[in-house]
Amino acid sequence: GSSMAGEAAHTLNQISEQYGPSPMLLNLTACAHMQAGNYKEAEGKLQQAREEFSANDADTLVNSIVVSQYLHKPVGDLTAALKHHYPNHFLSVGIDTVGGAFDREAIKYRV
């Protein structure tokens, strides 16, 4: 829960300092920060994963999309990268499904 998220982020930071960061540790730390509501810190960890490890794995992209939405930042590039690299990922499929449904409904209300 969010009450223990700060402690989890601290523990993950200690592990990262002791053994070195990895995309998985950085994503876990970002998730702990998100759970605590610290979206700027989460964004920093995800940015570090992308810069230091060229992390374009699905987890990093999805977490980056979530953080960007909470920070009211555009997600188009991240969504496009996810759909391009992982077209069968459940979020890519969901985005396509919802986008298609929206387009079909929008046609009904064109003036």
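**Salt bridges in close-up**

Glu43 is counted as buried, because its relative accessibility of 18% falls under the 20% limit. The views below come from a predicted model, in which four salt bridges are counted.

**View 1. Lys40 and Glu43 meet in a salt bridge within helix 3**. The nitrogen-to-oxygen distance between the two side chains is 3.6 Å. Both residues belong to helix 3 (residues 39-53), where three residues, or about one turn of the helix, set Lys40 and Glu43 apart. Unlike the buried Glu43, Lys40 is exposed, with a relative accessibility of 52%.

**View 2. Lys83 and Asp96 form a salt bridge between two helices**. The closest N and O atoms of this pair are 2.9 Å apart. Lys83 is located in helix 5 (residues 76-85) and Asp96 in helix 6 (residues 90-108), so the contact ties together parts that are 13 residues apart in sequence. Lys83 is partly exposed at 31% relative accessible area, and Asp96 is also partly exposed, at 43%.

**View 3. Glu105 and Lys108 form a salt bridge within helix 6**. Their closest N and O atoms lie 3.0 Å apart. The two residues are three positions apart in helix 6, which means that about one helical turn separates Glu105 from Lys108. Glu105 is partly exposed, with 37% relative accessibility, whereas Lys108 is exposed, with a relative accessible area of 58%.

**View 4. Lys40, Glu43 and Lys73 belong to one network**. These three residues are joined by salt bridges that share partners. The pair of Lys40 and Glu43, shown in the first view, is among the salt bridges of the model.

Technical notes:
Residues numbered from 1 in each chain as written. Predicted model: local features only at pLDDT ≥ 70, side-chain atom pairs only at ≥ 80, totals over all residues. Heavy atoms only, no water. Helix = DSSP H or I, 4+ residues; strand = E, 2+ residues; numbered from the N terminus. Buried < 20%, exposed > 50% of the residue type's maximum accessible area, 1.4 Å probe, protein only.
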